[in-house]
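Dear colleague,

Please find below the structure that I promised to hand over, together with its sequence. My notes on what turned up in it follow underneath.

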Amino acid sequence: MSEVRAGQGACWGTTGQFADPLYQDYHDQEWGKPLHGDDAMFERLCLEAFQSGLSWLTILRKRPAFRAAFAGFSIADVAEFGEADVDRLMSDTGIVRNARKIDAAIGNARVARELDVGLDELLWSFAPPPRPRPRTSAEIPANTTESISLAKELKRRGFRFVGPTTVYALMQATGMVDDHLADCWVNHDRSDTIRPVTF
């Protein structure tokens with residue numbers, strides 16, 4: 001569990017779902033920290049899509065089950081999933097059982113496998129230059145010019161469930177943008193990269 005720093009900002013507050021230690025650790029250790037690796041970025045792309053219409057805490061709680069169900073989000077492995085795998089996933093109570101999202105995750109793996117550049121390189125090519133941190137949550141946009149452009153490019157290449165808002169959430173989560181509030185104690189640098197944190 002993360003320690004709450006007295007007198008320092010908490011980007012999402014510390015009440016309700018945000019009081020959950022899992023959420024606090026995600027904020028402290030992972031959200032906004034630059035992430036690289038094709039499979040790692042594929043995981044985030046999938047999870048952001050599965051999160052649509054749900055709380056992120058729900059996804060965090062289910063992430064270990066998602067990883068087990070989706071072969072650790074290996075692009076090469078998921079791209080080979082067939083009908084038996086779809087049936088298996090639709091029967092897995094540990095994940096979000098949404099047929100369209102499951103189909104999109106498998107289809108997106110197949111698109112990612114055939115890219116002429118790595119998925120990591122493609123996604124990060126749309127990262128904007130560093131900018132000042134927002135002072136309040138009201139200054140955090142739902143999408144940006146860059147996320148709109150990236151969403152268009154992903155759709156052009158055949159990816160699904162990649163609207164501008166979902167893509168912007170991906171950019172926030174993987175450190176392409178830093179939307180920690182100005183008074184937040186967390187300080188991630190783009191040169192500081194990680195593999196996904198296991199919960």
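**Notes on the model**

Phe 161 is partly exposed, because its relative accessible area is 26%, and partly exposed covers the range between buried, under 20%, and exposed, over 50% (1.4 Å probe, protein chains only). This is a predicted model, in which local features need pLDDT of at least 70 and side-chain atom pairs count only at pLDDT 80 or more, while totals for chains, interfaces and linings use all residues. Residues are numbered from 1 along each chain as its sequence is written, and side-chain values use heavy atoms, with hydrogens and water left out.

Phe 161 sits in the loop between α8 (145-157) and α9, where helices are DSSP runs (H or I, at least four residues) numbered from the N terminus. Although Phe 161 is not a glycine, its phi is positive, at about 55 degrees. Most residues other than glycine have a negative phi. Phe 73, in the loop between α3 (56-69) and α4 (75-78), likewise is not a glycine and has a positive phi, near 60 degrees, but Phe 73 counts as buried because its relative accessibility is 0%.

Phe 161 also touches Lys 101, a residue of helix α6 (residues 99-113); leaving aside neighbours within four places in sequence, Lys 101 is in contact (heavy atoms within 4.5 Å) with Ala 49, Phe 50, Ser 52 and Phe 161. Lys 101 is buried and yet has no salt bridge, that is, no side-chain nitrogen of Lys or Arg within 4 Å of a carboxyl oxygen of Asp or Glu. The nearest side chain of opposite charge (Lys and Arg count as positive, Asp and Glu as negative, with His and the chain ends not counted) is Glu 48, 10 Å away.

Glu 48 leads on to the largest pocket, since Glu 48 is among the residues nearest its centre, with Trp 31, Gln 51, Ala 169 and Gln 172. A pocket here is an open set of points on a 1 Å grid over the protein atoms alone, where a 1.4 Å probe fits, with protein on both sides within 12 Å along at least five of seven lines, and lining residues have an atom within 4 Å of a point. The largest pocket holds about 520 Å³ of space and is lined by 21 residues, with α9 giving the most, six residues.

Finally, Gly 32, in the loop between α1 and α2, counts as buried because its relative accessibility is 5%. Gly 32 and Ala 173 are 141 residues apart in sequence, but 4.8 Å apart in space, C-alpha to C-alpha.

With best regards

Note on methods. Grid points are joined across faces, edges and corners, and a volume is the space filled by probe spheres set on the points. Helices (H or I, at least four residues) and strands (E, at least two) are DSSP runs, numbered from the N terminus.
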